[in-house]
Amino acid sequence: MTEHHHGAGTGLPQAVAVVLALSALAALQHLAVRRAVRRNPAQKWPTWRTLSFVTGLILLAVALVPPAPTGFPAHMVGHMLLGMYAPLALVLAAPVTLALRALPPAGARRITAVLHSPPARLAAHPVSALLLSTGSLAALYFTPLYNTAMTHPAGHWLMAAHFLLSGCLFAHAVAGPDPAPGRPGVPARLTCLGVAVAAHALIAQALYGGFLTDVHAPIDQVRRGAEVMYYGGDIAELLLAAALVTTWRPERRGGVRARSRTAASL
């Protein structure tokens, strides 16, 4: 099999652009935190959320900034960072909640309106996010799509953007702390996470065995990449499950509901 130059098109100009973009995001988050605290000094912004956001940006830099290793295993490492690890860190930073606190009331109302819109509710549903993130992997590795994308620099960047955006959607839909109108309960989200775990395992095993896959790379590289996907995906999904369990407070929510019903009856 022929081998593409994975990571092609990531030269010095692209590296500078990535570093500048990530630095701008870090500065914007810092300014938003300062403004949110000024607007409500009694409500501090958790430091660990800022650290989570910075961690996500660092993971993005590792995946996107040259020198980028070549080969299918390196591609899969980048896929794990862009599609699973960085999204989880960014989502746990609660950027939408921060924006709602930092913006004036008119801006916060606009964000709230977008969150309640049918397209946003559909995109943030766990099933939709599952199809966009995990479901797209079958189309990527079982059709010529991967080989075509890796042949062109634009395809490489579009693929990276898809990994990041779909990964953020899935992390948000399953365990995100930000508002998610219409998001189903924990059992449904755990079910979607379980489907993602099974799908990742099946796709990784198919890659390792060469079943139905269409990846133009040496067999040993494809197998190493499949191992990265199998074990790296398991770790990322365990972290996502831990985030979901950590934010699950059934007794507390029940207490809030009970108090609300009691207050309503008074």
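User: What percentage of the area that the protein exposes do carbon and sulfur atoms supply?
Analyst: This is a predicted model, in which local features need pLDDT of at least 70, side-chain atom pairs count only at pLDDT 80 or more, and totals for chains, interfaces and linings use all residues. Residues are numbered from 1 along each chain as its sequence is written, while side-chain values use heavy atoms and leave out hydrogens and water. The protein exposes about 13,900 Å², an accessible area from the Shrake-Rupley method with a 1.4 Å probe, where for residues only the protein chains shown count as cover. Of this area, carbon and sulfur atoms supply 71%.

User: How many helices are there in the protein?
Analyst: Helices are DSSP runs of H or I with at least four residues, and strands are runs of E with at least two, numbered from the N terminus. The protein has 0 strands. The number of helices is 12.

User: On which residue is the kink in α7 centred?
Analyst: Helix α7 covers residues 126–141 and reaches 23 Å from its first C-alpha to its last, close to the 22 Å expected at 1.5 Å a residue. That expected span is 1.5 Å times one less than the number of residues. The bend, an angle between axes fitted to the seven residues ending at a position and the seven starting there, is about 30° in α7. The kink is centred on G135.

User: Is H79 buried or exposed?
Analyst: H79 belongs to helix α3, and α3 is among the elements that cover the buried residues of α7. Beyond its neighbours within four places in sequence, H79 is in contact (heavy atoms within 4.5 Å) with M84, L137, Y141 and F163. Both L137 and Y141 are among the buried residues of α7. Because its relative accessible area is 4%, below the 20% limit for buried (exposed is over 50%, partly exposed in between; 1.4 Å probe, protein chains only), H79 is buried.

User: Which residue forms a nonpolar surface patch with V16 and L20?
Analyst: The three residues of this patch have about 310 Å² of accessible area together. A patch takes residues with over 30% relative accessible area and no salt bridge (Lys or Arg side-chain nitrogen within 4 Å of an Asp or Glu carboxyl oxygen), joining nonpolar side chains (Val, Leu, Ile, Met, Phe, Trp, Tyr) within 5 Å and like charges within 9 Å. The remaining member lies in helix α1, residues 12–39, and is exposed at 65% relative accessible area; it is L12.
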